[in-house]
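Here are my notes on the model you sent, set out as numbered points. They begin with one loop position and then widen to the whole chain.

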Amino acid sequence: RAPRVWERLDAFLAAAPDELTVQSGLVSGPDGSPALFLAPVWSGDPDRAEAAVSPLQRLGPPLSAQISPMPLAQMLRLNEQWAPAGRHYAIATRTLTRLTSGATAELAEAAATRTSPLTGIAVHHFHGAATRVPLESTAFGLRRDHFVVEIVAVWQPGDERASRHRAWADATSGALARHALPGGYANLLGPDAHDQTAHAYGPHTGRLLAAKKRYDPDRVFAATPLPTAR
């Protein structure tokens, strides 16, 4: 059901107010098989929350629904169970303008071919006020509505199939590439993602490289990749 639910979610989010964002993705369900999740966050008037969020439960039959008010800190702690310290991770990313049938089919196929039950995919919803920041105001290269697909292969220390897990992340990224914009969210790009890094900052590449040369000529800071000079 995941592709159909995602396509319905795409239509729903096209009219979503600024106060609502919905992360979605694929994780292991209670029996270990892949399951689609929707994680809505409403940050507006509490009296309008239920009306804003309840339609999500009609996009498909939910395995479970746990929606309630909670402080931001508590919400963030929910992520700790998905990324505990000590595990091994390989991450790739693609940027989609829409959750089209082609893209969602690839996401569902990726779920079916996971090499580890710890592995998952998160689809981050970017819209609203963030899209109205002038492009030239920050280094971020994309200010239109879009979805950031975070592809996360996860395995335990000592797992001898590390190369298979990394290959799954790379293959999923490659399959989504035909549906995606060039580039990607820089914080999720690795040092070898040269083709994507070249487009990650849009028209700001020249300014960023000039600042890098001036303030960090020895490239001490390298966690977030920058394009090579052209």
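1. Leu118 is in contact with Arg87, Val154, Trp155 and Gln156, once its neighbours within four places in sequence are left aside. Please keep in mind that this is a predicted model.

2. As for its setting, Leu118 sits in the loop that links α4 (101-112) to β4 (120-126). The relative accessible area of Leu118 is 28%, so this residue is partly exposed, a class that lies between the 20% limit for buried and the 50% limit for exposed.

3. A distance for orientation: between the C-alpha atoms of Leu118 and Met75 there are 21 Å in space, and the two residues are 43 apart in sequence.

4. The second position to look at is Asp216, found in the segment after α7 (205-215). Is Asp216 buried or exposed? Asp216 has a relative accessible area of 8%, and because buried means under 20%, Asp216 is buried.

5. What does Asp216 touch, if residues up to four places away in sequence are not counted? The partners are Ala211 and Phe221. With Phe221 there is also a polar pair: a polar atom of the Asp216 side chain lies 3.0 Å from the backbone nitrogen of Phe221.

6. Turning to the whole chain, the protein chain has 7 helices and 5 strands. Their order from the N terminus is α-β-β-α-α-β-α-β-β-α-α-α. The radius of gyration is 19 Å, close to the 17 Å given by the globule rule for 230 residues, so the protein chain is as compact as a globular protein of that length. Along the principal axes, the C-alpha atoms fill a box of roughly 55 × 45 × 35 Å.

7. On packing, 38% of the 230 residues in the protein chain are buried. Of the contacts between residues at least 6 apart in sequence, 66% join residues at least 24 apart.

8. On the surface, the protein chain exposes about 13500 Å², of which carbon and sulfur atoms supply 54%. For the charges, there are 23 positive and 21 negative side chains in the protein chain. The centres of these two sets lie 4 Å apart.

9. To return to the two positions in any revised text, I would describe Leu118 as partly exposed and Asp216 as buried. The contacts of Leu118 include Trp155, while those of Asp216 include Phe221.

Technical notes. Residues numbered from 1 in each chain as written. Predicted model: local features only at pLDDT ≥ 70, side-chain atom pairs only at ≥ 80, totals over all residues. Heavy atoms only, no water. Helix = DSSP H or I, 4+ residues; strand = E, 2+ residues; numbered from the N terminus. Rg over C-alpha atoms; globule rule 2.2 N^0.38 Å. Buried < 20%, exposed > 50% of the residue type's maximum accessible area, 1.4 Å probe, protein only. Contact = heavy atoms within 4.5 Å. Areas by Shrake-Rupley, 256 points an atom, 1.4 Å probe, with all protein chains shown as cover. Lys, Arg positive; Asp, Glu negative; His and termini not counted. Charge placed at Lys NZ, Arg CZ, Asp CG, Glu CD. Polar contact = N/O pair within 3.5 Å; in protein donor to acceptor, adjacent residues only side chain to side chain.
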